[in-house]
Protein chains: 2
Amino acid sequence: MREKELRRSMSVLPIGTVMKLTDLTARQIRYYEQQDLIKPVRNEGNRRMYSLNDIDRLLEIKDYLDDGLNISGIKEVYKKQSQLEDERKKNLKKGLTDSDVRRILQDEFLNIGGLKPPSSTFDNPNNFNKFNH
Amino acid sequence: MREKELRRSMSVLPIGTVMKLTDLTARQIRYYEQQDLIKPVRNEGNRRMYSLNDIDRLLEIKDYLDDGLNISGIKEVYKKQSQLEDERKKNLKKGLTDSDVRRILQDEFLNIGGLKPPSSTFDNPNNFNKFNH
DNA sequence: AATCAATGTCATAAAATATAACATTAGCTA
DNA sequence: TAGCTAATGTTATATTTTATGACATTGATT
């Protein structure tokens, strides 16, 4: 599955192709780049080259705009996403899997309001709760 | 799985990209087209546009040439392939599956030479010999 | 009415591609 | 060996595509 990801991130499409695939104008595509929503690679001759991931991103942007979101709103969405992404990676480096994290979050909710757990035995063995975000 | 096939057959790559992906020169790529080994689509401006399938085909051609096959040899290979493909489709339209076809072929071989099935027990059970290819 | 975000339009320069012609190279054959 | 041919290189010219920047338009919001 790693190879597929590689393929999707290879910058092989010129802007003309991207225009057709996304039904956006060159002006729009370049404008979204200027707003840091996408970051196409440049080839030796300074032409922008796009990947399939870029196509997906552009289609997403189109959808968001159609939904009434403006560009700075879209920027926030992506900022939040990459923050979550970063955190996931950090946890992963700490040896925690996604399901670990889900378990931890659930424990947090269980203790909301400073409730003491019912019986004393198996509760919160690793002191997962006092998070300050 | 149909969508993937569609993606692979979409002509979205300019010749410059194809050159990089295949490590062929524009001259070579156009020459193979002239020899009917590939058939890129033209865009409105008469530029050749290639698909991922074209890339695969070009890499194949490269391999064949490296193996010492010449272009008319490669053409024969592809002609044979499309013949087999056609036949498979025809059978499929007749409602025969691939394994049906295999069974039929095996039956054919069993009766080669007009032999009656052997009443004698274990002699040459599949009539392996009198093939004329 | 003034402002601003998103996009359109236009001019200019540079890069990429198409086409066609002629050149080179390496392998085969008379 | 000389000649032939397949595959590829090279070069010139025309057309298309793209980049960039400036100015224009549009529609929403204040």
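How many residue pairs are in polar contact across the interface of chain B and chain A? Let me start there, everyone. The answer is four residue pairs, both partners at pLDDT 80 or more. Please keep in mind that what you see above is a predicted model.

Let's stay with that interface for a moment. On the chain B side, helix H2, residues 15–22, gives the most to the part that touches chain A, with three residues. Sorted by class, the side of chain B that touches chain A has six nonpolar, two polar and two charged residues. In terms of contacts, 10 residues of chain B meet 10 residues of chain A.

How much area is buried between chain B and chain A? About 770 Å², and carbon and sulfur atoms give 63% of that. If you want three residues to look at, take B:Val12, B:Thr17 and B:Lys20: they supply 39% of the area that chain B buries against chain A, more than any other three residues.

There are charged pairs here too. Two salt bridges are counted between chain B and chain A. One pair to click on is A:Lys20 with B:Glu44, whose side chains meet in a salt bridge at 3.0 Å, N to O.

Now, the symmetry. In general, two copies of a chain are related by a rotation about an axis and a shift along it. Here, a turn of 179° and a shift of 0.1 Å along the axis lay chain B on chain A with an RMSD of 0.3 Å. The two copies are therefore related as by a two-fold rotation axis. Which C-alpha of chain B is nearest the axis? That of B:Leu13, at 3.0 Å from it. And the same surface serves both copies, with 100% of the contact residues of chain B recurring in chain A.

On to the DNA, beginning with strand D. 18 residues surround DNA strand D, and the closest are A:Arg48, B:Thr25, B:Arg27, B:Tyr32 and B:Ile71. Of the atoms of strand D that come within 4 Å of the protein, sugar and phosphate account for 71%. Let me walk you through some individual contacts. A polar side-chain atom of B:Thr25 lies 2.7 Å from a phosphate oxygen of DNA strand D. From chain A, the side chain of A:Arg42 has an N or O atom 3.1 Å from a phosphate oxygen of the strand. The side chain of A:Asn46 also has an N or O atom at 3.1 Å, this time from a sugar or linking oxygen of DNA strand D. As for secondary structure, helix H2 (15–22) of chain A and helix H3 (26–34) of chain B are the elements that give two or more residues to the surface near DNA strand D. H3(B) gives the most, with four residues. By class, that surface has five nonpolar, seven polar and six charged residues.

Let's turn to strand C. Around DNA strand C there are 19 residues, of which A:Thr25, A:Arg27, A:Tyr32, A:Ile71 and B:Arg48 come nearest. Sugar or phosphate makes up 72% of the strand C atoms within 4 Å of the protein, and the rest belong to bases. One contact with a base comes from A:Arg27: an N or O atom in its side chain is 2.8 Å from a base oxygen of DNA strand C. Backbone atoms take part as well. A polar backbone atom of A:Ile71 is 2.8 Å from a phosphate oxygen of strand C, and a polar backbone atom of B:Gly16 is 2.9 Å from a phosphate oxygen of strand C. The elements giving two or more residues here are helix H3 (26–34) of chain A together with H2 of chain B. The largest share, four residues, comes from H3(A).

Before I stop, a look within the chains. Over all chains, the structure holds 12 salt bridges. In one of them, the side chains of A:Asp56 and A:Arg8 meet at 2.2 Å, N to O. That pair links distant parts of the chain, with A:Asp56 in helix H4 and A:Arg8 in helix H1, 48 residues apart.

Finally, some backbone angles. Most residues other than glycine have a negative phi. A:Asn46, which we met beside strand D, has a positive phi of about 75°, and A:Asn46 sits in the loop between strands E1 and E2 of chain A. B:Asp23 also has a positive phi, near 60°, and is found in the loop between H2 and H3 of chain B.

Definitions and conventions
Residues are numbered from 1 along each chain as its sequence is written. Chains are lettered from A and ligands numbered from 1 in the order in which they are written. This is a predicted model: local features need pLDDT of at least 70, side-chain atom pairs count only at pLDDT 80 or more; totals for chains, interfaces and linings use all residues. Side-chain values use heavy atoms; hydrogens and water are left out. Copies are superposed by least squares on the C-alpha atoms of residues with pLDDT of at least 70 in both. Contact means heavy atoms within 4.5 Å. Buried area is the accessible area (1.4 Å probe) that two parts lose on being put together, summed over both. A salt bridge is a side-chain nitrogen of Lys or Arg within 4 Å of a carboxyl oxygen of Asp or Glu. A polar contact is a pair of N or O atoms within 3.5 Å; within protein, one must be able to donate a hydrogen and the other to accept it, and residues adjacent in sequence count only if both atoms are side-chain atoms. Ala, Val, Leu, Ile, Met, Phe, Trp, Tyr, Cys and Pro count as nonpolar, Asp, Glu, Lys and Arg as charged, and the others, Gly among them, as polar. A residue is near a molecule or strand if one of its heavy atoms lies within 4 Å of it.
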